[in-house]
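Q: Please take a close look at one part of this model, the salt bridges. I would like the partners, the distances and the exposure of the side chains.

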Amino acid sequence: MTGSEHAPTRCAIVPPYLLVRLARLDDPRFAAASEAARRSLLRDSPLRTQRQV
């Protein structure tokens, strides 16, 4: 990215079963990933419920 001072954006789709598994990790090496997975699940749950209705 020439001429841009912004950091590149990373987007990914992670299936819920994998987010749950990451959220349950109790290993300090994966603390950031575990917390990110928990935040994603909290945001995702209401959207999935709404789509089912």
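A: What follows goes through the salt bridges along the chain. The model is predicted, with local features needing pLDDT of at least 70 and side-chain atom pairs pLDDT 80 or more, while totals for chains, interfaces and linings use all residues. Numbering starts from 1 along each chain, and side-chain values use heavy atoms, without hydrogens or water.

The structure contains four salt bridges (a side-chain nitrogen of Lys or Arg within 4 Å of a carboxyl oxygen of Asp or Glu). One of them joins arginine 29 to aspartate 27, with N to O at 2.7 Å. Arginine 29 is exposed at 69% relative accessible area, whereas aspartate 27 is partly exposed at 24% (buried is under 20%, exposed over 50%, partly exposed in between, with a 1.4 Å probe and protein chains only).

Helix H2 covers residues 31-52 (helices are DSSP runs of H or I, at least four residues, numbered from the N terminus). In H2, glutamate 35 and arginine 38 are three residues apart, which means a separation of about one helical turn. Their closest N and O atoms lie 3.2 Å apart in a salt bridge. Both side chains are partly exposed, arginine 38 at 35% and glutamate 35 at 34%. This pair belongs to a salt-bridge network that links Glu35, Arg38 and Arg39.

Further along H2, aspartate 44 and arginine 48 are four residues apart, again about one helical turn. Their salt bridge has its closest N and O atoms 2.5 Å apart. Here aspartate 44 is buried at 18%, while arginine 48 is partly exposed at 35%.

Notes
Axes are lines fitted to C-alpha atoms, for helices over the stretch in contact, and angles run from 0 to 180 degrees between N-to-C directions. Helices (H or I, at least four residues) and strands (E, at least two) are DSSP runs, numbered from the N terminus.
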